[in-house]
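Reader: Hi! I'm in my first year and still learning to read these pictures. Could you take one part and walk me through it slowly?

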There are 2 protein chains.
Amino acid sequence: MKNPRGGRSVSAEDVAKLAGVSRASVSRVFSDQGNVARETRKKILQAANELGYQVNFLAQGLNRKRSQLIGVVVARLSDPFRSSLLEGLLSEIQRKGYQALVTEVRDADELEMTIRRFTQFRVSGVVVTSGQPPADLVKECVQHNVPVVGINRHVEFPEVDLVCSDNKMAAELVAEQLIACGCQSIAWLNYRESTWSGINRGDMFQQVMAETSRDLFEIVAEADGYEGGRQAAHVFCAEGRNVDGVFCANAQLACGFLDGMRENGLDAPHDFRIIGFDNTPQTAQYSYRLTTIHQDVEKTAWRVLSCLEARGKDPSIDQSIEEIPVKLVIRNT
Amino acid sequence: MKNPRGGRSVSAEDVAKLAGVSRASVSRVFSDQGNVARETRKKILQAANELGYQVNFLAQGLNRKRSQLIGVVVARLSDPFRSSLLEGLLSEIQRKGYQALVTEVRDADELEMTIRRFTQFRVSGVVVTSGQPPADLVKECVQHNVPVVGINRHVEFPEVDLVCSDNKMAAELVAEQLIACGCQSIAWLNYRESTWSGINRGDMFQQVMAETSRDLFEIVAEADGYEGGRQAAHVFCAEGRNVDGVFCANAQLACGFLDGMRENGLDAPHDFRIIGFDNTPQTAQYSYRLTTIHQDVEKTAWRVLSCLEARGKDPSIDQSIEEIPVKLVIRNT
DNA sequence: TTAACAAATGAACACGTGTTCAGTGGTTTG
DNA sequence: CAAACCACTGAACACGTGTTCATTTGTTAA
């Protein structure tokens, strides 16, 4: 751990000098490319260890025209499902030897700036968990050979791979469960200005219900999150309507709706059944014990990274649209 | 938006050629350094715009020996306060023109690998929100002139700046509130293997209580999070003990403890008072309406970045230990 | 008119790495 | 024994930028 250069970081040049070989051999050892004699490798590793040498990723990326970075676009981390999704992505990104470049975006402008900056860092891939990337940016990524994949969203460009939870399967599981519990009138609860994934979940549920020739009431929440669900319950009760089975677009709406109903003297599972989406920690709490659809975050993250790597090797492959199976976690409601 | 080079990305060289100037002038324009005539600047900007030129951050960082990246160490994003802290950090990092390099660590080994990788990317700074960075790594960062700052933790190295929520102030606010509500026997609830910040909060509370010559019961949760709090309440009631005021180390313990007490027929604010830490969304929900200490995430993030920039300019400045004021959010309990 | 000066510019180097290409020596094959 | 082959090595170039230094140009002071 000496430091022969005044304050400057040690480079492959220094290692080469100490080991008595050329810098090219040092590079070969650390990039695991080309042949190098066992004896030389040993000398180099020892010298590197002594100096505390570490590859400069900026120089490496500059030369390879590609860094080990992966850009991740997120939004509204306060939503517990989103943060658990980010957690899964981070874990998988690190496991594969990459580093995550995370940016939070609030509007389309920020998304544009973000993706532009990602390409300036020569990222190996971009993961979009929120927002719709504009057409010219996607084109730019394609030109730079930067793979893009979207999670739980719809993107109209054939170069962008997609990984979604299987909303059709979720709808079938929920319908089956509610019907098995004897529900007669079933409703779908969603926020009025929901994201694409929320809308898609509703469409799928509608479709499944139609297949079994049942009507589907729609409850529209005027606000998002817990408060939105709670208020929706109050409005629902005030209007004197009645259902015995509710499927909610996400966990927060579900918890809010359940609490709202409780305030009106109705509780699950006694008076009605309710099933949520996103198996967030809160839904598991004793005060809720909410039956809910569980999205497989690990598998989603795994699939995302294999998409990135596949398209990184061959940018011309067909678009991949993968649906990740979901599970129904049956609890109390 | 032409692309005169076959598939390759446009460089400053191309812009210079099109504008009829030297590459040096292009560099001067985009790094805002040195003088350049108004007319030439205009020509360069126009050419750059036409070609869609963007600075290559890897080359820039390689030359400047410093990238615009800031490494952020996180853990357990499923904890809602941690994700909101990350959200605040991201927002501030982007506002200042940096990019966040986020890594999740589970143990000391991962932390070591992570910080090592951060230095390999020549980050402008490192933010540690979890774990204790080992001594030699901190030394390494200091040698590379990489500022390190810790949030809500204790680090024994004078080169590492610290930003903490003011736990003493929190303790005083809570004590004042509980006493004003007429509480006679007051307790402190924490997880047995809590982090430093949890322990510190307890110590401060103990100290404040001692100053007013009051006893402080300690309730020790054998598990962390919501379930830990809930079980602690059951054990507490089973032992037949009794208090009328509880201060909890974090929001999840508080919610769990409250629910556990409710299962035993006791509820706040009627039978006892309870105050949590971390003003998470769940504590605001109607079913809890928990009185809680609010940490100022925005100010924390702001302070973190000004520490980084200050030490980035002059690495030899004195250690800064800043305590961020907290607020007591009075709700129902 | 000349000297002194400030602003603007381009050539050249440095940053630290990956990779090609031409060699070297040693071993196998005909 | 010559030829062909193989593993191994080092010199040199490329990646795209920031920055120094010398030079040119235009302007002011003596």
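Which helices of chain A and chain B each supply at least two residues of the surface near DNA strand C?

Author: Sure, let's stay with the protein surface around the DNA. First, some housekeeping: this is a predicted model, where local features need pLDDT of at least 70, side-chain atom pairs count only at pLDDT 80 or more, and totals for chains, interfaces and linings use all residues. Residues are numbered from 1 along each chain as its sequence is written, chains are lettered from A and ligands numbered from 1 in the order in which they are written, and side-chain values use heavy atoms, with hydrogens and water left out.

Now your helices. They are α2 (23-31) and α4 (57-64) of chain A, plus α2 (23-31) and α4 (57-64) of chain B. Helices here are DSSP runs of H or I with at least four residues, numbered from the N terminus. The largest share of that surface comes from α2(A), with five residues.

Where does this sit in the chain? UniProt, in an unreviewed entry, places the feature "domain: HTH lacI-type" at residues 10-64 of chain A; its positions are given in the numbering used here, feature names are shortened, and annotations may be inferred rather than shown by experiment. That stretch is 71% helix and 0% strand, a strand being a DSSP run of E with at least two residues. Its end C-alpha atoms are 21 Å apart. Chain A is also split into domain 1 (12-55), domain 2 (68-165 + 297-324) and domain 3 (167-295), with bounds from an automatic or database domain assignment.

Back to DNA strand C. It is surrounded by 32 residues, the closest being A:Ala12, A:Arg23, A:Ser27, A:Asn63 and B:Thr40; a residue is near a strand if one of its heavy atoms lies within 4 Å of it. Of the DNA strand C atoms that come within 4 Å of the protein, sugar and phosphate make up 54%. By class, the surface has ten nonpolar, 14 polar and eight charged residues. Here Ala, Val, Leu, Ile, Met, Phe, Trp, Tyr, Cys and Pro count as nonpolar, Asp, Glu, Lys and Arg as charged, and the others, Gly among them, as polar.

Zoom in on some polar contacts, meaning pairs of N or O atoms within 3.5 Å. A side-chain N or O atom of A:Tyr53 is 2.6 Å from a phosphate oxygen of DNA strand C, and for B:Ser25 that distance is 3.4 Å. B:Arg28 goes for a base: one of its polar side-chain atoms lies 2.9 Å from a base nitrogen.

What about DNA strand D? The closest of its 32 surrounding residues are A:Thr40, B:Ala12, B:Arg23, B:Ser27 and B:Asn63. B:Ser27 has a polar side-chain atom 2.5 Å from a phosphate oxygen of DNA strand D. With A:Ala37, a backbone N or O atom lies 2.9 Å from a phosphate oxygen of that strand. Here α2(B) gives the most to the surface, with five residues.

Finally, compare the chains. Chain A superposes on chain B (RMSD 0.1 Å) by a rotation of 180 degrees with 0.1 Å of shift along its axis, fitted by least squares on C-alpha atoms of residues with pLDDT of at least 70 in both. The two copies are therefore related as by a two-fold rotation axis.

Definitions and conventions
A polar contact is a pair of N or O atoms within 3.5 Å; within protein, one must be able to donate a hydrogen and the other to accept it, and residues adjacent in sequence count only if both atoms are side-chain atoms.
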